[in-house]
Amino acid sequence: MAGVIRVKQMFLCSSILASNNNINKALSRLPRRSIINVTAGNLSPSETKKKEKEKRKRRKEIEIAKATAEAVVNKEKRRTRSSREYEIADGGDGELPSSHVPVMLGEVMDVFSSVRLRSFVDCTLGAAGHSSSIIQSHSELKHFVGMDVDPVARKLAHFHIDSLMHPTLKASIVLKNFKYIKSAIADTHPELLDLGVDGILMDLGMSSMQVNNPERGFSVLQQGPLDMRMDPQASLTAEDIVNSWPESELGRVLRDYGEESNWHLLQTRIVKARLSGGLHSTGDLVDLIRSMSPPSRGGRQGWIKTATRVFQGLRIAVNDELKTLQNTLYSSFDVLSPGGRLAVISFHSLEDRVVKQTFLDILGFQREETTSTEMMSLKPERQIEESIDRELKEKEEWIKQTVISSKGVILTKRPITPSEEEEKLNRRARSAKLRVIQKL
């Protein structure tokens, strides 16, 4: 048996009750209409036709409401919503920039609370929101490595980390992509390659500092160059892709990375724009997208959603994000110490799919569709794994479902998502998903 998946009965019961409640609430919001008896004796043919049309419309509204409610219920079943009280980081000097609020801070703290963190690597340091809280909460921390490709973020992180330094802490902040995690550790704390790292964090979200800077080209609402490079020293830009890449490759980026249903028409329009000089700014690209989005299709929100998907696809291609993420997950697990944990916060389905599948691959499960029965029949040490599963759940309340093999434990069979309170107060958190793996 290569894994054990256990679900608490109360968790299942609450999910079923939530399902029924969500559907009933959705239906109760529909406008109530009186029941109309249609008979040939008291209604004219035109009135009868009108009443029948109203009935069909009413049935359609009910069907749509049911489908919407069921979609919400199914989404809840695929995740574990955090019940933790929402927290905002204190960056050591008393505050963090108002534009930078670390996502799922409390949940990240829970992940590492039971781990003796003698060493910690933050692969996406940003303004050090998560790391500042980690350093403050773990006095036993001796080695800290922060990584980021953004020189502005590195400078800001230095300011916060320096304010938290103590005599026994050795901290290093390096200007590197997280795909170089092994070399970053080798250059700054080489002893960790033998001892292993106790905790690693990857927050894959876009930094507010990057999005709010129009010169970086990430925002659909601000005029700037078509850049989108995470690493300002990299050579490939979004402008290169839209103006130079082959039409088929451009279409693949829009379809596979942007998950845009209207990708073929967009591809055609962008290639056609090359004949008129091409697209050279975010405004040029947004104007092209707006010209393809009639006001009847969602108005302003319609074209913004399309533009967001297109920008996502281009950004992923520019930075080779998915392949880099996959390789880094393998490297990060390699450098973990026994009992060490790797936590990853993703923000869209493509990233989450890579994290989920790579975690399974690390444990030896080759197929995402592997059933629980198949996994339980692959290893004979079922009692040992059940003991590990039980011990983890008794010790840490946030752990609900696990997948276990001889190599490690996936502590989040279903991803943890932010609390409702955090989603309301921090819009960036709405699509966040936290997955955690522990090395055995």
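At the start of helix H5 in this predicted model, a side-chain oxygen of Asp 150 lies within 2.9 Å of the backbone nitrogen of Val 152. The helix itself runs over residues 151–162, and its end C-alpha atoms are 16 Å apart, which agrees with the 16 Å that its 12 residues should span at 1.5 Å a residue.

Ala 153, Ala 157, His 160 and Ile 161 are the buried residues of H5. These residues cover an arc of only 90 degrees around the axis, so they sit on the same side of H5. Val 152 and Lys 155, on the other side of H5, are exposed. The cover over the buried residues of H5 includes the elements tabulated here.

| Element covering H5 | Residues |
|---|---|
| Helix H4 | 129–137 |
| Strand S3 | 143–148 |
| Strand S4 | 170–175 |
| Helix H8 | 208–211 |

Helix H15 spans residues 349–363 and reaches 21 Å from its first C-alpha to its last, close to the 21 Å expected at 1.5 Å a residue. H15 is mostly covered, with 12 of its 15 residues buried. Among them are the charged residues Glu 351, Asp 352 and Asp 361, along with Leu 350, Val 354, Phe 359 and Leu 363. Gly 364 follows H15 and has a positive phi, near 105 degrees.

A helix pair comes last. Helix H6 (residues 181–188) packs against helix H14 (residues 321–335) at an angle of about 40 degrees, and their axes are 9 Å apart. That angle makes H6 oblique to H14. In this contact, Ile 181, Lys 182 and Ile 185 of H6 meet Ser 331, Ser 332, Asp 334 and Val 335 of H14.

Note on methods:
Residues are numbered from 1 along each chain as its sequence is written. This is a predicted model: local features need pLDDT of at least 70, side-chain atom pairs count only at pLDDT 80 or more; totals for chains, interfaces and linings use all residues. Side-chain values use heavy atoms; hydrogens and water are left out. Helices (H or I, at least four residues) and strands (E, at least two) are DSSP runs, numbered from the N terminus. The expected span of a helix is 1.5 Å times one less than its number of residues. Buried means under 20% relative accessible area, exposed over 50%, partly exposed in between (1.4 Å probe, protein chains only). The arc is that of the directions from the helix axis to the C-beta atoms. Contact means heavy atoms within 4.5 Å. A polar contact is a pair of N or O atoms within 3.5 Å; within protein, one must be able to donate a hydrogen and the other to accept it, and residues adjacent in sequence count only if both atoms are side-chain atoms. Axes are lines fitted to C-alpha atoms, for helices over the stretch in contact, and angles run from 0 to 180 degrees between N-to-C directions. Angles under 35 degrees count as roughly parallel, over 145 as roughly antiparallel, 65 to 115 as roughly perpendicular and the rest as oblique.
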